[in-house]
Amino acid sequence: MRAARFHEWGAAPVIEEVPEPVRGEGEVLVQVEAGAVAHLDVTVASGEFAMKPALPYIGGVEGAGTVLEADADSGLAPGTQVVLRGGGLGILRDGTWTERVSVKRKAVTVLDAPLEPAVAASFFVPATTAYVALHDVGRIEKGEEVVVVGAAGAVGAMVAQQALAAGARVTGVVGRADQLADVPAGVEGVTLADADGLLASDRSASLLVDTLGGDGLIGRSRWVRQGGRAVVIGYVAGPDVALDLPSWLLDEVALLPVNMIRKERRAREVSAKLVRRLSTGELSLAVEKFGLADAPAALDALRNGKVRGRAVLLAR
């Protein structure tokens, strides 16, 4: 069978024939249909992550497929559509960028409703992060004005959709004018260059959800009125923020971090309802599909910020 396998840290994966997996006791043999290409995959492949598999290894920390074989008491019948995540996949052991994989039972989740394989492989992080950011951390209320920074990205677009569904009025901020077309329907899109003039003047929003981070975070928090909240999800624009305490105290905007490592159990709790909403079309996730042989191109596109939504490798 074919797989995309890393032989050196920092190098591109090699598409090659690898041995068929042998299912062990307590494991599930899965026919992989799609493997997500995530930022964590890039980090692990660099060799600089605290945890790393032994070289060579097959990439892919997330995926989806159908059960081929499992223990009789596993509750998994052949043909069941499942999501693959956790259990050290792509971090401590071979991952999902292959045609078949044998994984620990805890790394297998049955879908509550059918999804296209590419969506099934990649929905979990953006959908659950958006839910936790809005409802658990941001405490969104119906009728609020919400600003979503990075609204064309996978997480930002999911935040915007879920905020609309919660009854909020949503403004989506994007980095470039060509990204306005990717802002979800019903969301007022503005570019980052225009946002200061449009949003900072009246500060009518009460909640900001920021997926960029970086040194512009504090300035963007001033788009929110005093007493409001700024929920911080990511730091793709940079890991550092300079905070002038007197100005921050005067602004009176709470900075609220989203730690999805600590919220993993909560994410799994809400994932079933999000799967149902994706299955019915209430929520949507943009995916850019690549063949397994195009794994190096998919990684390059992700590193360079050229992926619309999420990148996914199709195993067949």
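Where in the protein is confidence lowest, and where is it highest? The lowest confidence falls in helix α5, residues 192-199, with a mean of 87. The highest falls in strand β3, residues 27-37, at 98. These scores matter here, as this is a predicted model. Across the protein the pLDDT averages 94. Of the residues, 100% score at least 70.

**The whole chain**

Start with the overall build. The protein holds 9 helices and 16 strands. Its radius of gyration is 20 Å, close to the 20 Å given by the globule rule for 316 residues, so the protein is as compact as a globular protein of that length. Buried residues make up 53% of the 316. Now take the contacts with a separation of 6 or more. Residues 24 or more positions apart account for 68% of them.

Here are some values for the whole protein.

| Property | Value |
|---|---|
| Box filled by the C-alpha atoms, along the principal axes | roughly 60 × 40 × 35 Å |
| Accessible surface | about 14200 Å² |
| Share of that surface on carbon and sulfur atoms | 52% |

**An open sheet**

Next, look at one sheet. It is open and built from 6 strands. Their order is β11-β10-β9-β12-β13-β14, and the pairing is parallel. Which strands stand at the edges? They are β11 (188-191) and β14 (254-257). Each has a single partner strand, so one side of each is left without a neighbour in the sheet. From one strand to the next, the twist averages 20°.

Follow the β11 edge inward. Strand β10, residues 169-174, pairs with β11 in the parallel sense over 4 bridges. One residue pair to find is T171 and E188: the bridge partner of T171 in β11 is E188.

Helix α5 belongs to this picture too. The helix lies across β9 (145-149), β10 and β11. Its direction makes an angle of about 110° with β11. Recall that α5 is also where confidence is lowest, at a mean of 87.

**A residue in a loop**

Finally, pick out A72. Is A72 buried or exposed? A72 is exposed, because its relative accessible area is 88%, and the cut-off for exposed is over 50%. The residue sits in the loop between β5 (62-70) and β6 (81-85). How far apart are A72 and G26 in sequence and in space? In sequence, 46 residues separate them. In space, they are 9.7 Å apart, C-alpha to C-alpha.

Technical notes:
Residues are numbered from 1 along each chain as its sequence is written. This is a predicted model: local features need pLDDT of at least 70, side-chain atom pairs count only at pLDDT 80 or more; totals for chains, interfaces and linings use all residues. Side-chain values use heavy atoms; hydrogens and water are left out. pLDDT is the predictor's confidence in each residue, from 0 to 100. Helices (H or I, at least four residues) and strands (E, at least two) are DSSP runs, numbered from the N terminus. Two strands pair if DSSP finds at least two bridges between them. Axes are lines fitted to C-alpha atoms, for helices over the stretch in contact, and angles run from 0 to 180 degrees between N-to-C directions. Contact means heavy atoms within 4.5 Å. Buried means under 20% relative accessible area, exposed over 50%, partly exposed in between (1.4 Å probe, protein chains only). The radius of gyration is taken over C-alpha atoms; the globule rule is 2.2 Å times the number of residues to the power 0.38. Accessible areas come from the Shrake-Rupley method with a 1.4 Å probe; for residues, only the protein chains shown count as cover.
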